[in-house]
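Q: Please take a close look at the salt bridges in this structure. Which side chains pair, where do they sit along the chain, and are they buried or exposed?

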Amino acid sequence: MRTGVWLVGARGSVATTSVVGALALRAGLTGPTGCVTELPELRGPALPSFADLVFGGHDPVATPLAKRAEALADAGVLPARLVAALGAELAAVDDEVRPAPADGSQADRAATTVADLTAFRARHRLGRVVVVNVSATEPVPAPHPAHADPDALAAALAGPDEVLPSSSLYAYAAFVAGCPYVDFTPSTGARLPALEALADRHGLPYAGHDGKTGETLVKSVLAPMFAMRHLTVRSWSGTNLLGGGDGANLADPDANAAKVRSKDRVVGEILGYVPQGHTRIDYVEELGDFKTAWDLVTFAGFLGTGMRMEFTWHGCDSALAAPLVLDLARLTAAAHAAGRRGPLIDLAFFFKDPLGAPTHSLVEQWDRLTRFTAALHADAGGAA
């Protein structure tokens, strides 16, 4: 099942790490640590293999992927031996990265994206192409009347206004091209009524938002513990320090607010109430592609006795995110092959702010994911 993975932000840290990782797995140069779909509970015939994945994408930056990978190796994100061994393979992927459309109306840019996607699919004789957004976080867009209806949206895109943020314009183009869409960022993406209707019209699945890779992953495990032990959380505050391109982008107050909104939903929705405190994100250039989060939780037990818990998470964002990008591409491709359509709520396990998620508890999300994947494998086995 040859499957295209079209990365929006294809020369960024997460995309580059994802490509290097997939190429290394294909060549047998590394193991699948961090790839959830390689666990026995999820592995099976419905998922395209790493050897079946063909990469392409868009990016406004012209730096070759091999150079980007070398920079990440120098920063300690990627093993230098892998970058050196995969030079030819990275060059082949780089040939499939196109400049991000920037000219004309939004309708013109969407048409260019559709043409790039359909040409990529035909050129490599792909069964399907999954579009994955791993670009910079956007501010929340201003409402627009055309966001409510796909036909009104198509007409509005031909005008002079910027009707859609970039993530949503890519979702629009993906659906028009017949491609499933995954938003790994907290940006708006497909989360507009017009785009939901367009995906349904084309019979396509989509997933998002905001990959759960660090502090929020820990929250989704700890918050259910407090709830199930009937302990009252009085406050939960977190400070996130990060560098790299993501950190620089989040220095913008509007983008920062969009990210914090995504991160802050988890605790309140699990506990059923919102404790005092909030999450803070600060850019520290010196940290590069690494990030540190420190959380302080105060809680009350029996007879109102006050207690506290602290934890620190220090990780490499790209190395945490990249295997999940590969997981989501494989799972979304399998869902599309099985005829699934609409929001893939059973992929909530991977996201901070998942579409239509009935729960933010990681354990409950895992249960839904394993049942969903088992059904995909059963469908694939029956078809075979």
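A: What follows is a walk through several of the charged pairs and their surroundings. The model is a predicted one, and the count for it comes to 17 salt bridges. Side chains of opposite charge can pair when their charged atoms come close.

Within a helix, Glu 70 forms a salt bridge with Lys 67, with 3.9 Å between the closest N and O atoms; this pair counts because the cut-off is 4 Å. Both residues belong to helix H2, which spans residues 65-74, and they are three residues apart, or about one turn of the helix. Glu 70 itself is partly exposed, its relative accessible area being 36%.

Another salt bridge brings together the side chains of Glu 310 and Arg 308, at 3.1 Å from N to O. Here Glu 310 is partly exposed, with a relative accessible area of 43%, whereas Arg 308 counts as exposed at 54% relative accessibility, since exposed means over 50%.

Asp 346 forms a salt bridge with Arg 368, and their closest N and O atoms are 3.0 Å apart. This pair links distant parts of the chain, 22 residues apart: Asp 346 lies in the loop between strand E11 (342-343) and helix H13 (362-383), while Arg 368 lies in helix H13. Arg 368 counts as partly exposed, at 24% relative accessibility.

Finally, Glu 96, Arg 98 and Arg 123 are joined into one network by salt bridges that share partners.

Technical notes: Residues are numbered from 1 along each chain as its sequence is written. This is a predicted model: local features need pLDDT of at least 70, side-chain atom pairs count only at pLDDT 80 or more; totals for chains, interfaces and linings use all residues. Side-chain values use heavy atoms; hydrogens and water are left out. Helices (H or I, at least four residues) and strands (E, at least two) are DSSP runs, numbered from the N terminus. Buried means under 20% relative accessible area, exposed over 50%, partly exposed in between (1.4 Å probe, protein chains only).
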